[in-house]
Amino acid sequence: MTDFPSRREQEEAEYYVLKQPLRRPDTDVKKAIKYVSVYMTLSLGFSAVSFAPLKKYEIFAYISESLAEFSMAHPVLLGVLYFAAVFCIVGLLCLKSAAIGIIRMYQHYAPEHVRRRCLFKPTCSEYAILAIQKYGLFIGLFKSYIRLFKKCRGNIYRIDYP
């Protein structure tokens, strides 16, 4: 960020940020609720289907003695913990899509004066989506954090792609 952008680059980024019509992605809260419901149902279903054979054939006893004792003493709690573990694992597989969906909801519902505060081309929310798609969830979110809280200061318009 130490290099000063050219005048043409500044003008291009300024036009992109201030004068270009905002794109509002098609989002639907009902659709998001439907996806969350499907995720919850699939997690619960997979947990129930996979837990029954594990319990029946006493697979937990083969893993460790303490887990076998725990499964005998607290069978319901073991089921709840197993569901929570499956829920988290399936959730990790879906986090990238969920994060992009949240950013698109922001793009759809955020007021224009908030979205036009960014000084970069692409805008900060567009950058976040591109970074998550390119680098994955955790590195993409970290790069977006750096962009939003460290670089997006001052009054110089810039072009900065992930």
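## Pockets, a surface patch and salt bridges

The residues lining the largest pocket divide into 13 nonpolar, 4 polar and 4 charged. That pocket belongs to a predicted model, and its volume is about 700 Å³. A second pocket, the next in size, has a volume of about 360 Å³. Beyond the pockets, there is a nonpolar surface patch of about 500 Å², and a search of the whole structure turns up 7 salt bridges. Here is a friendly tour, topic by topic.

**The largest pocket**

- With a volume of about 700 Å³, this pocket is lined by 21 residues, and the closest to its centre are Ala32, Tyr35, Ser97, Ala98 and Gly101.
- Two helices, α2 (29–56) and α5 (75–109), each supply at least two residues of the lining.
- Helix α5 gives the largest share of that lining, with 11 residues.

**The second largest pocket**

- The lining here is made of 17 residues, and those nearest the centre are Tyr106, Cys124, Ser125, Ala128 and Leu148.
- Four helices each supply at least two lining residues: α5, α6 (112–115), α7 (124–135) and α8 (137–151).
- The largest share, 6 residues, comes from α8.
- By residue class, the lining of this second pocket divides into 11 nonpolar, 3 polar and 3 charged.
- Helix α5 is worth a look in both places, since α5 supplies at least two residues to the lining of the largest pocket and at least two to the lining of the second largest pocket.

**The nonpolar surface patch**

- Tyr57, Ile59, Tyr62 and Ile63 together make the patch of about 500 Å².
- Tyr57 is found in the loop between α2 and α3 (59–63).
- Tyr57 counts as exposed because its relative accessibility is 53%, and the cut-off for exposed is over 50%.

**The Arg23–Glu126 salt bridge**

- Arg23 and Glu126 form a salt bridge in which the closest N and O atoms are 3.2 Å apart.
- Arg23 sits in the loop between α1 (7–19) and α2, while Glu126 is in helix α7, so this pair ties together parts that are 103 residues apart in sequence.
- The two partners differ in exposure: Arg23 is partly exposed, with a relative accessible area of 49%, whereas Glu126 counts as buried at 16% relative accessibility.

**Salt bridges around Asp160**

- Asp160 meets Arg147 in a salt bridge with an N to O distance of 3.8 Å.
- Asp160 lies in the segment after β2 (158–159) and Arg147 in helix α8, so the pair ties together parts that are 13 residues apart in sequence.
- Both of these partners are buried, Asp160 at 15% relative accessibility and Arg147 with a relative accessible area of 1%.
- Asp160 also forms a salt bridge with Lys151, at 3.7 Å from N to O.
- Lys151, at 25% relative accessibility, counts as partly exposed, so Asp160 pairs with one buried partner, Arg147, and one partly exposed partner, Lys151.

**A salt-bridge network**

- Arg8, Glu12 and Lys121 are linked with one another in a network of salt bridges.
- If you are going through the salt bridges in the viewer, the whole-structure search gives 7 of them, including Arg23 with Glu126, Asp160 with Arg147 and Asp160 with Lys151.

Technical notes
Residues are numbered from 1 along each chain as its sequence is written. This is a predicted model: local features need pLDDT of at least 70, side-chain atom pairs count only at pLDDT 80 or more; totals for chains, interfaces and linings use all residues. Side-chain values use heavy atoms; hydrogens and water are left out. On a 1 Å grid over the protein atoms alone, a cavity is a set of points where a 1.4 Å probe fits but cannot get out, and a pocket is an open set with protein on both sides within 12 Å along at least five of seven lines; lining residues have an atom within 4 Å of a point. Grid points are joined across faces, edges and corners, and a volume is the space filled by probe spheres set on the points. Ala, Val, Leu, Ile, Met, Phe, Trp, Tyr, Cys and Pro count as nonpolar, Asp, Glu, Lys and Arg as charged, and the others, Gly among them, as polar. Patches are made of residues with over 30% relative accessible area and no salt bridge: like charges are joined within 9 Å, nonpolar side chains (Val, Leu, Ile, Met, Phe, Trp, Tyr) within 5 Å. Accessible areas come from the Shrake-Rupley method with a 1.4 Å probe; for residues, only the protein chains shown count as cover. A salt bridge is a side-chain nitrogen of Lys or Arg within 4 Å of a carboxyl oxygen of Asp or Glu. Buried means under 20% relative accessible area, exposed over 50%, partly exposed in between (1.4 Å probe, protein chains only).
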